[in-house]
Amino acid sequence: MTPELDLSRRNMILAGGSAAAAVTLAACSSTPATSTPDTTTKPASPATTDPSGSATDTGQAAIEVAKLADIPIGGGIAATLDGQPILLAQPTAGVVVGFSAICTHRGCKVEPAETEFDCPCHQSRFDLATGEVLGGPAARALDKVTVTVDGDTVMAG
């Protein structure tokens, strides 16, 4: 005697739902289904600052990111470094600081405002001289990017 298949509507929905869940989980998996080497080029990380305030060499040559004259004294501008958005500020004449333009709250792109950096997504505000949180939901300062002034040129990396 052969067992009967239960092809009721309920069992078909359950079977289909299980298959869909398996496909969804496989698609969201962080491991690819086939093991192929990653040949994509990832941007190098910028130089960082160690606790003493000295630049840490990441093995990457410094590149021009702005002209000093383009950064208003007491203000900031948006720029890019290796295709990534950064923020540059000149809190006092000739002193330039740099930060990642990625908000530490939800990853939105932070923009320069008149005297601070503002996140348009959730209204976090950051000090343009230090990157510290002035207000909003962000709980952590913007990540620092090491920059130097070489004559009239601002270099990073």
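Helices (H or I, at least four residues) and strands (E, at least two) are DSSP runs, numbered from the N terminus. Keep that in mind as you colour the model by secondary structure.

**Before you start**

This is a predicted model, in which local features need pLDDT of at least 70 and side-chain atom pairs count only at pLDDT 80 or more, while totals for chains, interfaces and linings use all residues. Residues are numbered from 1 along each chain as its sequence is written, and side-chain values use heavy atoms, with hydrogens and water left out.

**Stop 1: the whole chain**

Show the whole chain as a cartoon. You will find one helix and 13 strands. Trace the sequence and the helix comes before the strands, in the pattern α-β-β-β-β-β-β-β-β-β-β-β-β-β.

Now switch on the surface. The accessible surface comes to about 10,100 Å² (Shrake-Rupley method, 1.4 Å probe; for residues, only the protein chains shown count as cover). Carbon and sulfur atoms hold 57% of that surface. Of the 157 residues, 29% are buried. Here buried means under 20% relative accessible area, exposed means over 50%, and partly exposed lies in between (1.4 Å probe, protein chains only).

How much of the contact set with a separation of 6 or more comes from residues 24 or more positions apart? The share is 41%, where a contact means heavy atoms within 4.5 Å.

**Stop 2: a four-stranded sheet**

Select β4, β5, β6 and β11. They form an open sheet in the order β4-β5-β6-β11, with antiparallel pairing. β4 and β11 (144-145) stand at the edges with a single partner strand each, so one side of each has no neighbour in the sheet. Two strands pair if DSSP finds at least two bridges between them. As background, strands of a sheet pair through backbone hydrogen bonds, either parallel or antiparallel.

Zoom in on β4 (residues 76-81) and β5 (residues 84-92), which run antiparallel and are joined by six bridges. To see one of the pairings, pick Ala 79, whose bridge partner in β5 is Ile 86. Then look at the hairpin of these strands, where two residues lie between them. Asp 82 in this hairpin takes a positive phi near 55°.

Continue to β6 (residues 95-100), which pairs with β5 in the antiparallel sense over five bridges. Ile 86 appears again here, with Ser 100 as its bridge partner in β6. Thr 92 has Val 95 as its bridge partner in β6. The hairpin of β5 and β6 has two residues between the strands, and Gly 94 in the turn has a positive phi of about 85°.

**Stop 3: Gln 90**

Stay in strand β5 and select Gln 90. Is this residue buried or exposed? Gln 90 is buried, with a relative accessible area of 4%.

Show its side chain as sticks. The side chain of Gln 90 reaches the backbone oxygen of Ile 71 at 2.5 Å. The same side chain also reaches the backbone nitrogen of Gly 94, the turn glycine, at 2.8 Å. Leaving aside residues up to four places away in sequence, Gln 90 touches several others, including Leu 68, Pro 72, Gly 75 and Val 96.

**Stop 4: the salt bridges**

How many salt bridges does the structure hold? There are three, each being a side-chain nitrogen of Lys or Arg within 4 Å of a carboxyl oxygen of Asp or Glu. In general, side chains of opposite charge can pair when their charged atoms come close.

- Select Lys 67 and Glu 64: their closest N and O atoms are 3.5 Å apart. Lys 67 is partly exposed at 32% relative accessibility, and Glu 64 is partly exposed at 45%.
- Select Arg 140 and Asp 143: their side chains meet at 2.7 Å, N to O. Arg 140 is partly exposed at 46%, and Asp 143 is partly exposed at 38%.
- Select Arg 125 and Glu 116: the closest N and O atoms are 3.1 Å apart. Arg 125 is partly exposed at 34%, whereas Glu 116 is buried at 15%.

**Last stop: Glu 116**

Keep Glu 116 selected and find it in strand β8 (residues 116-118). Which residues does Glu 116 touch, not counting those up to four places away in sequence? They are Glu 111, Arg 125, Phe 126, Leu 128 and Leu 134.

Note on methods
A polar contact is a pair of N or O atoms within 3.5 Å; within protein, one must be able to donate a hydrogen and the other to accept it, and residues adjacent in sequence count only if both atoms are side-chain atoms.
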